[in-house]
There are 2 protein chains.
Amino acid sequence: MNIHDKPQNLAPQSVTSGPLPGSRKIYARPAGRADIAVPLREIALDPSAKEPPVRVYDASGPYSEDDPQINLSAGLPRVRESWIAKRQGLEFYSGREVRPEDNGVVSPDRLVPPCPANTSPRKARDGALVTQYEFARAGIITEEMIYVAARENLGREHMVEGAEARLNDGESFGASIPAFITPEFVRDEIARGRAIIPANINHSELEPMIIGRNFLVKVNANIGNSAVTSSVAEEVEKMVWAIRWGADTVMDLSTGRNIHNIRDWIMRNSPVPIGTVPIYQALEKVDGDPTKLTFEIFRDTLIEQAEQGVDYFTIHAGVRLGYIPLTARRTTGIVSRGGSIMARWCLAHHKESFLYERFDEICDVMRAYDVSFSLGDGLRPGSIADANDRAQFAELETLGELTKIAWEKGCQVMIEGPGHVPMHKIKINMEKQLKECHEAPFYTLGPLTTDIAPGYDHITSGIGAAMIGWFGCAMLCYVTPKEHLGLPDRDDVKTGVITYRIAAHAGDLAKGHPAAQLRDDAVSRARFDFRWQDQFNLGLDPETARLFHDETLPKDAHKTAHFCSMCGPQFCSMKITQDIRDEVAAIEEREKGMAGKSAEFLEGGGKLYV
Amino acid sequence: MNIHDKPQNLAPQSVTSGPLPGSRKIYARPAGRADIAVPLREIALDPSAKEPPVRVYDASGPYSEDDPQINLSAGLPRVRESWIAKRQGLEFYSGREVRPEDNGVVSPDRLVPPCPANTSPRKARDGALVTQYEFARAGIITEEMIYVAARENLGREHMVEGAEARLNDGESFGASIPAFITPEFVRDEIARGRAIIPANINHSELEPMIIGRNFLVKVNANIGNSAVTSSVAEEVEKMVWAIRWGADTVMDLSTGRNIHNIRDWIMRNSPVPIGTVPIYQALEKVDGDPTKLTFEIFRDTLIEQAEQGVDYFTIHAGVRLGYIPLTARRTTGIVSRGGSIMARWCLAHHKESFLYERFDEICDVMRAYDVSFSLGDGLRPGSIADANDRAQFAELETLGELTKIAWEKGCQVMIEGPGHVPMHKIKINMEKQLKECHEAPFYTLGPLTTDIAPGYDHITSGIGAAMIGWFGCAMLCYVTPKEHLGLPDRDDVKTGVITYRIAAHAGDLAKGHPAAQLRDDAVSRARFDFRWQDQFNLGLDPETARLFHDETLPKDAHKTAHFCSMCGPQFCSMKITQDIRDEVAAIEEREKGMAGKSAEFLEGGGKLYV
């Protein structure tokens, strides 16, 4: 459905739903809290495995339940409503009136209707506690904190076996990952500014999640229409599709007609935090001319989106007038849209950025709804040639300065990072960000480790993302195969999300996250036992794994065959290894300890043991 | 064509040929050597760029010439014949007779004919210099050394501008990459055992290439039939297809019927080094029963393949009897086919491996044809759980011991490595390999950095490959999306090769290779100038890049449009940056130095400059 062709049928009709193969949704309930139900995905294994089901983190929301009752007009269940309702510092109010320019001055016959699930917005009363940061600083553990603690533990009520050994076996570069996550630990990390729970008080449908260096590495997926194509049905489905494959947050980068109302539909139906770049919409309200932007229009746009429930805003307040000339001799200048818009404004008016100058007023809006800052890197490098240059780092230093202001104002903050960085320059990005931004969570786009592979930038950047995730980056913004070339389609979004789930998980493994390797081990055991279905189902993409297998060996019998197409039935190393195991066991039985002899052999300098 | 169905038409009929879009093949001739023509690919840029064509390394052979005259029956031009013919230490001989078991005892009506381009083989005379290692140790620079020096310099006769600054800007972990490669440097690296030129004296069609830590990182692609599917036409085309996308060497892992004769066709038509795992064929000669293997059958197979011209052999001589019990409690036991075959043999006979015990006799065969060793890691980990365990490292220590023996015997050696290794355990693999194996080149399979993504193991392993390439690994064996699931098809091979070219190049960039970033910079300038065709053509896969672009903006006019589908015409950061450049230039002109003011601004602690 294209919204410009079929105005009579604008509400999205359906989205992808149902569980992944072999999986079912379960909800863990922290002790004594019937009002908190933390979603997990449980992957059942073949009975021959004699292993319990494997639990994995699940960002996909109610859509992946067994028989989900999805009604996009009604929106998702408001899992946070009872928590928020009890908070004294909040009040309902009528909210800002929606204006034609909010929807790009679309003609009435083409107007997407607002989502019927909308309610009046809440905002903070003066002087009350509102944000997760403020609660944390005041020593108060919120429901959101309890929720994410249980979620990070994958619903376990106790430490995973060997947790400390696994931590010791990892390398976390000075992070402070605990063997088990408690709500108190979550509170402490938020109070120190080292983690955020992006959770607008007007997004009660949200299943809370946490972003911080001492938690599981998270993944963001961007969605959005564009000046050239797209429709409302596609937008909601894109969000659902992205979280189905594992996106922890979604940024809506839409522009153009109907964006306000499409955002309504996305918010009311999103179980994950939604981020936006409000300057995009502000720019549309001044007909696309950056020089006409004003602080008032920008502020009004913040309020507009905050009332809808957007959980975090990218704000490029670090693009200062004085930094702009530093980009003039770059190979690729300024590649951030937001950065270039603000640079254009600063130069045209020969004035410091209003985002920088009036940052405290921005904080006041953000705090009133608990919208988290994602301080944008408007001067990030757009090429290997420009990586780690003075423009980039000057801005990063300013973001550190702004972080402190935002904290003083009670706001949650994360910091955006590059971009395009060769491998040997990635670590310094992480180290400098930790230092300059006082350990506020880092959220990077890739980085791409080379520029020579248009069409494969999910891979060029997946390499950098895995590395920076390991080094301490808290959230990785995905890059799809279409980056630099065109708009991602459904397959591209899936490929991008899965590539970034790989990167995030590789980072968790390398940091020694206590529970990360459990899933790898389950896959490896399934592989070794020729439990093909289990191998498929335990993977990030069961459907593709099964499809690839079936291309060579389609018969159902082959799903239980003790060989695969690579070597064929007579020539299988796995089978030989099983024989070796049996034989070693028999020898051990006979000789009471061939393994001991092996140790002797090694200690004896490798002299032959027969 | 399936060889089992259509015996009357067994010779491959055609393979993919012609240049990549925007490219042409050129040949660089080192001064004074009309007999040496080094292939390069030259990518022409749009005249508006006012830039010379970009030269890139080209492993694709004559197939990618403008109007290639390919005749598979005649084989490729014998570019090394005149060099080899002059060498006193070699002699023609009648060669071993081909026996029915060499072709898997295929029935006569299904026998693939031998390639008509075959000639009598050469071998070493007693006591003469034969191998590149022997020549290098004797201080003699061979034609192959001159060739690879020119090839590594991309045909440049002088150092690239800023080469030393680029080297200093990189991080090579103690490698000794020079600013410019001379034949003398090549000779010295080979003499020290730090690099090899896999170049069997019976593979005169070879365009020589070098594998070593101080040279460009190389990529290997595996091809092969299997017990389940495949045909001869597919096999030759697979090699041609893999090198078209950038494979520097190809391993033929075929088994079953007709493998000897199919190998003929591949050798006579391959411009890249071909590697094999001879134990696979030896096993077939004993009906697939590892316990029936003998040294005599193995040695005979080495001679069989060496006479055909195979350039390197994987030999799992490090799988010693005493190490086998170390694998019994692994999560995934022994996953190397060769390793498990030898382990089976050792256990069944309760004897030390004949590959280890009679290694010196193996060296004698290898030296006589200058077949390089690729010492196999038969005990590599098959899962994250088994990475860096005692079995793996015990074998690596033995490979170091064997390396010294092989060098004493005059042979070239590289060392195979894992496998499955989480990110934080990759560097120790490289460090230990350098130490134990005396800096012999390392050649790893990935490594995969997580096991949770069957169907995406080109990506899980591309991450590890890029890192280990940076750390000093000389060649990366590709992994395709089908790894662990099925046999790669044409698209999988292409995806695997391109993923690994990304990894190799990312490694070269990070090491500070003098010429690596030139291509990235050319892409970035093309991107910034909206030279879409140039961006496509400079990339690793021009066809896919163009296809992706055209999905959103198909019109030809859009190839020169100064915007793209991501932001649309009114909203383009690249365009804004160009405006900024113009504006900064104008301001600089007016004010004589805003950039200077920017420096003042920064030095003054960031006080506002208006």
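**Exercise 1. The open sheet of chain A**

Task: In this predicted model, determine the strand order of the open three-stranded sheet of chain A and which of its strands stand at the edges.

Solution.
Step 1. The strands follow the order E1-E2-E3, and their pairing is antiparallel.
Step 2. Strand E1 (23-28) and strand E3 (54-57) of chain A each have a single partner strand, so both stand at the edges and one side of each is left without a neighbour in the sheet.
Step 3. Direction ignored, neighbouring strands of this sheet are turned by 40 degrees against each other on average.
Step 4. Strand E2 (residues 38-43) of chain A is joined to E3(A) by four bridges in the antiparallel sense. To place the register, take A:Arg41, whose bridge partner in E3(A) is A:Val56.
Step 5. Helix H3 (residues 143-152) of chain A lies across E2 and E3 of chain A and runs at about 15 degrees to E2(A).

**Exercise 2. A salt bridge from the E2-E3 loop**

Task: Find which residue forms a salt bridge with A:Glu51, and what parts the pair ties together.

Solution.
Step 1. The side chain of A:Glu51 meets that of A:Arg525, with 2.8 Å from N to O. The cut-off for a salt bridge is 4 Å, so the pair qualifies.
Step 2. A:Glu51 belongs to the loop between E2 and E3 of chain A, while A:Arg525 belongs to helix H17 (residues 516-528) of chain A; the pair therefore ties together parts 474 residues apart in sequence.
Step 3. Over all chains, the structure holds 106 salt bridges.

**Exercise 3. The barrel of chain A**

Task: Work out how many strands close into the barrel of chain A, and in which order.

Solution.
Step 1. The barrel has eight strands, in the order E8-E9-E10-E11-E12-E13-E14-E15, with parallel pairing.
Step 2. From one strand to the next, the twist averages 25 degrees.
Step 3. Strand E13 (residues 413-417) and strand E14 (residues 442-445) of chain A run parallel and are joined by three bridges. At A:Gly417, the bridge partner in E14(A) is A:Thr444.
Step 4. Helix H7 (residues 259-268) of chain A lies across strand E8 (218-223), strand E9 (249-252) and strand E10 (274-276) of chain A, at about 155 degrees to E10(A).

**Exercise 4. Backbone geometry in the loops**

Task: Locate the cis peptide bond that involves A:Gly419, the one that involves B:Pro447, and the loop that holds A:Asp370.

Solution.
Step 1. A:Pro418 and A:Gly419 are joined by a cis peptide bond with omega of about 5 degrees. A:Gly419 is in the loop between E13 and helix H14 (426-436) of chain A.
Step 2. In chain B, the peptide bond from B:Gly446 to B:Pro447 is cis, with omega near 10 degrees. B:Pro447 sits in the loop between strand E14 (442-445) and helix H15 (457-471) of chain B.
Step 3. A:Asp370, a residue other than glycine, has a positive phi near 50 degrees. Its loop connects helix H12 (359-369) and strand E12 (372-375) of chain A.

**Exercise 5. The interface of chains A and B**

Task: Describe the interface by its residues in contact, its buried area and its polar pairs.

Solution.
Step 1. On chain A, 130 residues are in contact with 130 residues of chain B.
Step 2. The two chains bury about 10,900 Å² between them, 69% of it on carbon and sulfur atoms.
Step 3. Six salt bridges cross the interface. One of them pairs B:Lys482 with A:Glu551, at 2.7 Å from N to O.
Step 4. Across the interface, 18 residue pairs are in polar contact.
Step 5. Helix H20 (residues 573-591) gives the most to the side of chain A that touches chain B, with 12 residues. By class, that side has 62 nonpolar, 39 polar and 29 charged residues.

Definitions and conventions
Residues are numbered from 1 along each chain as its sequence is written. Chains are lettered from A and ligands numbered from 1 in the order in which they are written. This is a predicted model: local features need pLDDT of at least 70, side-chain atom pairs count only at pLDDT 80 or more; totals for chains, interfaces and linings use all residues. Side-chain values use heavy atoms; hydrogens and water are left out. Contact means heavy atoms within 4.5 Å. Buried area is the accessible area (1.4 Å probe) that two parts lose on being put together, summed over both. A polar contact is a pair of N or O atoms within 3.5 Å; within protein, one must be able to donate a hydrogen and the other to accept it, and residues adjacent in sequence count only if both atoms are side-chain atoms. Helices (H or I, at least four residues) and strands (E, at least two) are DSSP runs, numbered from the N terminus. Ala, Val, Leu, Ile, Met, Phe, Trp, Tyr, Cys and Pro count as nonpolar, Asp, Glu, Lys and Arg as charged, and the others, Gly among them, as polar. Two strands pair if DSSP finds at least two bridges between them. Axes are lines fitted to C-alpha atoms, for helices over the stretch in contact, and angles run from 0 to 180 degrees between N-to-C directions.
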